[in-house]
Amino acid sequence: MANFETLFAVVNAGFTETVMVAAREAGANGGTIIHGRGAGSILAQKKYGIAITPEKEIAIILVKKSIADKVMNAIYKAAGVGTPAAGIIFSLPAERVVGLKYDAEEEPSNN
């Protein structure tokens, strides 16, 4: 079972700081920002009632599974569809993670 979740917050350009502040306040340590361009359709804009802004930013945040819902909800409240960030947030399990520093009591036993 995965101990981590990878959160992806896709927001309008200029709103990743809002995402990161909310994520940190909910217990996340940091993230990676990727710049991108949306490819939404007119149909999607009409169906969901939101403006599709072409310039996007994606915050990728790795969190412990135990706080994933809390962080995700905090991000959505601060930067979700009903805000100027018009963000969507989704998660994927992180099956294998290498390179993070763990507390000694959290390290898996090799016995």
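**Briefing: an aromatic pair, a nonpolar patch and the surroundings of Glu55**

At 37% relative accessibility, Phe90 counts as partly exposed. This residue belongs to a predicted model, and it appears in two of the topics below, since Phe90 pairs with Phe8 and is also one of the residues that make a nonpolar surface patch.

**The aromatic pair**
- The structure holds one aromatic pair, and because the ring centres of Phe8 and Phe90 are 5.0 Å apart with their planes at 10°, this pair is stacked.
- Phe8 lies in strand E1 (residues 4-12) and Phe90 in strand E4 (residues 88-94), so the pair ties together parts that are 82 residues apart in sequence.
- Phe8 has 18% relative accessibility and therefore counts as buried, the limit being under 20%, whereas Phe90, at 37%, counts as partly exposed.

**The nonpolar surface patch**
- Tyr76, Val81, Ile88, Phe90 and Leu92 make a nonpolar patch of about 430 Å² on the surface, and strand E4 gives the most to this patch, with three residues.
- Val81, another member of the patch, is found in the loop between helix H3 (65-79) and E4, and its relative accessibility of 31% makes it count as partly exposed.

**Glu55 and its surroundings**
- Glu55 is found in strand E3 (residues 55-64), where its relative accessibility of 44% makes it count as partly exposed.
- Leaving aside residues up to four places away in sequence, Glu55 touches Val11, Asn12, Ala13, Gly36 and Arg37.
- Between Glu55 and Ala39, the separation is 16 residues in sequence and 9.4 Å in space, taken from C-alpha to C-alpha.

Definitions and conventions:
Residues are numbered from 1 along each chain as its sequence is written. This is a predicted model: local features need pLDDT of at least 70, side-chain atom pairs count only at pLDDT 80 or more; totals for chains, interfaces and linings use all residues. Side-chain values use heavy atoms; hydrogens and water are left out. Rings of Phe, Tyr and Trp (its six-membered ring) pair if their centres lie within 6.5 Å; planes under 30 degrees apart count as stacked, over 60 as edge-to-face and the rest as tilted. Helices (H or I, at least four residues) and strands (E, at least two) are DSSP runs, numbered from the N terminus. Buried means under 20% relative accessible area, exposed over 50%, partly exposed in between (1.4 Å probe, protein chains only). Contact means heavy atoms within 4.5 Å. Patches are made of residues with over 30% relative accessible area and no salt bridge: like charges are joined within 9 Å, nonpolar side chains (Val, Leu, Ile, Met, Phe, Trp, Tyr) within 5 Å. Accessible areas come from the Shrake-Rupley method with a 1.4 Å probe; for residues, only the protein chains shown count as cover. A salt bridge is a side-chain nitrogen of Lys or Arg within 4 Å of a carboxyl oxygen of Asp or Glu.
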